[in-house]
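Reader: I would like to learn how to read a protein model feature by feature. Can we take a worked case?

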Amino acid sequence: LGLDMEELEEIEEDAGLGNGGLGRLAACFLDSMATLGLAAYGYGIRYEYGIFNQKIRDGWQVEEADDWLRHGNPWEKARPEYMLPVHFYGRVEHTATGAKWVDTQVVLALPYDTPVPGYMNNTVNTMRLWSARAPNDFNLRDFNVGDYIQAVLDRNLAENISRVLYPNDNFFEGKELRLKQEYFVVAATLQDIIRRFKASKFGSTDSVRTVFDSFPDQVAIQLNDTHPAMAIPELMRIFVDIEKLPWNKAWDITKQTFAYTNHTVLPEALERWPVDLMEKLLPRHLQIIYEVNQRHLDHIASLFPNDVDRLRRMSLIEEGGTKRINMAHLCIVGSHAVNGVAKIHSEIVKTQVFKDFAALEPEKFQNKTNGITPRRWLLLCNPGLAELIAEKIGEDYVRDLSQLTKLHEFVDDDLFIREVAKVKQENKVKFALYLEKEYKVKINPSSMFDVHVKRIHEYKRQLMNCLHIITMYNRIRRDPAKLFVPRTVIIGGKAAPGYHMAKMIIKLINAVAQVVNNDPVVGSKLRVIFLENYRVSLAEKVIPATDLSEQISTAGTEASGTGNMKFMLNGALTIGTMDGANVEMAEEAGEENLFIFGMRVEDVTELDRKGYNAQEYYDQLPELKQAIDQIKSGFFSPKEPDLFKDVVNMLFHHDRFKVFADYEAYVKCQEKVSELYLNSKAWTKMVIKNIAAAGKFSSDRTIKEYARDIWHVEPSDLKIPPPNEPRDAAEDKTPNGTAA
């Protein structure tokens with residue numbers, strides 16, 4: 001047709017239906033589940049407006065609505081034939097036959113299906129996203145007969161449920177609309193699952209067994225954080241109120257069905273819904289949660305008589321102030337398996353955050369280290385490197401990333417070293433051209449590309465990176481003749497619109513960039529770029545071009561991270577703390593092949609015990625003092641000298657993430673980075689060692705572990721026959737001649 005595929009790819013909008021790591025992880029998991037031939041479904045909400053588009057105006061973040069469906073979405077297919085009702089509000093009647101939830105408001109859930117193809121295996125799974133629709137008699141069946149026009153306009157109220165994604169990452173905002181969204185996706189999905197179960201041969205009525213006895217053998221539901229936690233009381237409501245199962249049997253089936261993945265240990269991120277909101281919106285579910293809690297606490301009291309403090313700590317209901325429901329506790333009690341997303345995180349989950357629960361049922365707690373799909377994060381985004389690897393070890397690594405270890409044989413191969421360096425250089429030139437075309441900024445492709453891209457959050461410590469930039473700037477100005485390894489520092493990411501400190505951090509980075517990039521003494525030695533509107537499609541461009549990956553969260557705060565893995569697979573070296581999956585990356589590649597610095601979890605704990613005093617570091621480190629004084633005095637904001645007073649005040653008086661404590665180690669580690677970068681061959685050898693060690697971080701490996709340890713299904717790497725091939729012909733081709 002004379003169309004250019006690359007041009008078409010550029011036009012397509014991202015489906016930005018998640019906030020950061022958690023949503024992106026789900027997308028990688030869908031890719032791996034299809035590639036491993038698992039009969040798996042991804043369920044979620046079809047938001048009309050996804051994560052906001054970020055504009056930078058005068059250095060500040062400004063949000064714009066993400067009208068991603070404006071030009072239509074060719075990949076989705078509406079399925080009105082599977083539309084389902086979801087109920088809200090109302091009251092509970094207790095009758096002789098059991099509880100009845102009555103006088104509810106109904107919203108319809110309309111499913112849209114998107115195909116999820118496996119890699120070259122003729123498998124296509126489904127992602128089903130629900131959209132909210134008002135029923136046609138909405139507001140017209142009651143007594144307000146008069147105002148027909150207003151009643152039709154009020155349909156928006158129901159349909160607002162799927163209007164917009166809440167833009168918080170690692171932060172809980174207890175709004176009624178958000179709870180509606182969480183219950184909406186859960187209620188529609190569970191009806192869908194049960195309809196499918198009943199239609200299958202497993203669900204057919206057996207004269208001996210209850211219809212639902214085989215349910216946990218046929219259905220596994222993985223809760224991606226606590227956001228779908230209402231699935232636990234909802235499944236109980238269906239079993240007990242509608243299907244009339246006895247409580248104990250229903251609870252046993254429910255527990256065997258659910259498993260819960262914890263994604264964060266930050267207290268402000270944990271979901272704690274007010275009881276009175278739940279009572280208004282979902283009165284029957286609140287009763288069920290109370291009953292679950294009562295039985296749970298009775299059990300604990302029988303094991304630990306007179307330990308009231310333990311009962312308080314382990315309750316699903318938090319007393320004191322407004323009564324709240326702790327959704328993580330609900331998930332733990334209602335699931336047969338609980339996992340963290342990296343070894344260190346799973347240990348923290350077991351020994352700190354949920355230690356009472358782990359003491360009770362240690363076998364329930366597991367680790368499943370996150371992974372990324374090598375199809376998107378190598379083949380698609382970095383075809384040059386993918387091809388180079390295939391030339392050396394064949395193409396099978398795409399489905400079995402552990403085969404990357406074969407690259408160890410080529411660590412000393414001069415030709416291979418040169419080719420790896422060449423691919424990186426080509427990617428850097430391509431990205432530099434993109435930046436010039438889209439943002440009119442010129443960068444030097446021979447400088448080190450030092451990249452820090454992720455959501456803006458205090459715990460991720462973009463501020464520490466900023467202090468390092470200021471320190472480099474001051475060193476160049478102090479001694480302009482001294483050899484300095486040129487750097488382009490690229491920082492990108494979105495701040496939640498209501499997160500004041502994160503927005504100030506963006507402004508500070510842009511203010512520092514303004515000064516650094518316009519100082520003639522600095523020239524091309526140091527460039528600072530804030531990358532606007534960081535998103536998946538932009539990650540696919542910047543990651544293959546990166547030399548240095550910044551993974552510098554305070555030890556014990558980043559559950560896993562997955563960007564770290566993407567950079568490793570794409571030939572960047574990592575500067576990072578011993579946090580999240582960085583620990584396992586260092587384990588796989590050898591700690592000497594990453595730039596590891598700073599406090600370990602134990603050091604952070606010890607510092608908390610003795611008390612963190614930021615002033616101490618400020619007084620003892622002249623370069624830190626100089627940088628802070630510049631921020632404080634308005635050196636970077638001459639028109640508004642006290643613009644950053646909140647940031648400085650936070651750093652001195654309530655910095656939970658201890659930026660100053662790791663500053664010195666970070667700057668020293670960065671000096672080692674620059675030193676190695678001067679030796680291109682040594683640098684590239686280290687890159688090859690990293691790529692060779694990245695195999696563990698495929699989401700295929702992660703999903704195999706979920707499948708075997710939690711869902712109890714076997715992945716199949718059997719290629720099913722294409723639809724155009726007769727079945728018997730395909731059966732002859734299975735390895736041992738038996739039908740698949």
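Author: We will go through one annotated site, burial, helix length, backbone angles, salt bridges and a surface patch. Keep in mind that this is a predicted model.

Reader: Let me start with the record. Which residue does the annotation "modified residue: N6-(pyridoxal phosphate)lysine" cover?

Author: An annotation is a pointer to a position. Here the unreviewed UniProt entry places that label on Lys566. Such annotations may be inferred rather than shown by experiment. The next step is to locate the residue in the fold. Lysine 566 sits in helix α21, which covers residues 563-569.

Reader: Is lysine 566 buried or exposed?

Author: Look at relative accessibility. Buried means under 20%. Lysine 566 has 6%, so it counts as buried.

Reader: And what is lysine 566 in contact with, leaving aside its neighbours within four places in sequence?

Author: Contacts show which other parts of the chain meet a residue. For lysine 566 they are Arg24, Ile372, Trp377 and Ile543.

Reader: Give me another buried residue to practise on. Where is histidine 345?

Author: Follow the steps used before: element, accessibility, contacts. Histidine 345 belongs to helix α13, residues 343-353. Its relative accessibility is 3%, so it is buried. Beyond residues up to four places away in sequence, histidine 345 touches Asn262, His263, Thr264, Val265, Gly340 and Ala559.

Reader: What about a buried residue in a loop?

Author: Take glycine 634. It lies in the loop between α25 (622-633) and α26 (645-653). With a relative accessible area of 6%, glycine 634 is buried. You can also use glycine 634 for a distance reading. From its C-alpha to that of lysine 406 is 53 Å, and the two are 228 residues apart in sequence.

Reader: Now helix length. Why does the span of helix α28 agree with what it should be?

Author: Compare an expected span with the one in the coordinates. Helix α28 has 13 residues, 680-692. At 1.5 Å a residue, they should span 18 Å. The count uses one less than the number of residues. The end C-alpha atoms are 18 Å apart, so the two agree.

Reader: Which residues of α28 are buried?

Author: They are Trp683, Thr684, Met686, Val687, Ile688, Asn690, Ile691 and Ala692.

Reader: On to the backbone. What should I expect for the sign of phi in most residues other than glycine?

Author: Most of them have a negative phi. So look for the exceptions. Asparagine 122 has a positive phi, near 55°. It is in the loop between β8 (105-117) and β9 (124-133). At 32% relative accessibility, asparagine 122 counts as partly exposed. Asparagine 139 is another case, with phi of about 65°. Its loop runs between β9 and α3 (148-153).

Reader: How many salt bridges does a search of the whole structure find?

Author: The search finds 60. For a single pair, check the closest N and O atoms, then sequence separation, then burial. Lysine 503 and glutamate 63 form a salt bridge with those atoms 2.7 Å apart. Lysine 503 is in helix α19 (residues 500-517) and glutamate 63 in strand β3 (residues 60-64), so the pair ties together parts 440 residues apart in sequence. Lysine 503 is buried at 17%, while glutamate 63 is partly exposed at 29%.

Reader: Show me a pair within one helix.

Author: Lysine 422 bridges to glutamate 426, with the closest N and O atoms 3.5 Å apart. Both are in helix α17 (residues 414-439), and because they are four residues apart, about one helical turn separates them. Lysine 422 is exposed at 53%, and glutamate 426 is partly exposed at 43%.

Reader: Which residues are joined into one network by salt bridges that share partners?

Author: Arg79, Glu81, Asp113, Arg128, Asp192, Arg195 and Arg196.

Reader: Last, the surface. Which residues form the nonpolar patch of about 650 Å²?

Author: A patch is read as a group, with its accessible area taken together. The members are Leu1, Leu3, Met5, Leu8 and Ile11. Leucine 1 is in the segment before α1 (5-11).

Key
Residues are numbered from 1 along each chain as its sequence is written. This is a predicted model: local features need pLDDT of at least 70, side-chain atom pairs count only at pLDDT 80 or more; totals for chains, interfaces and linings use all residues. Side-chain values use heavy atoms; hydrogens and water are left out. Helices (H or I, at least four residues) and strands (E, at least two) are DSSP runs, numbered from the N terminus. Buried means under 20% relative accessible area, exposed over 50%, partly exposed in between (1.4 Å probe, protein chains only). Contact means heavy atoms within 4.5 Å. Patches are made of residues with over 30% relative accessible area and no salt bridge: like charges are joined within 9 Å, nonpolar side chains (Val, Leu, Ile, Met, Phe, Trp, Tyr) within 5 Å. Accessible areas come from the Shrake-Rupley method with a 1.4 Å probe; for residues, only the protein chains shown count as cover. A salt bridge is a side-chain nitrogen of Lys or Arg within 4 Å of a carboxyl oxygen of Asp or Glu.
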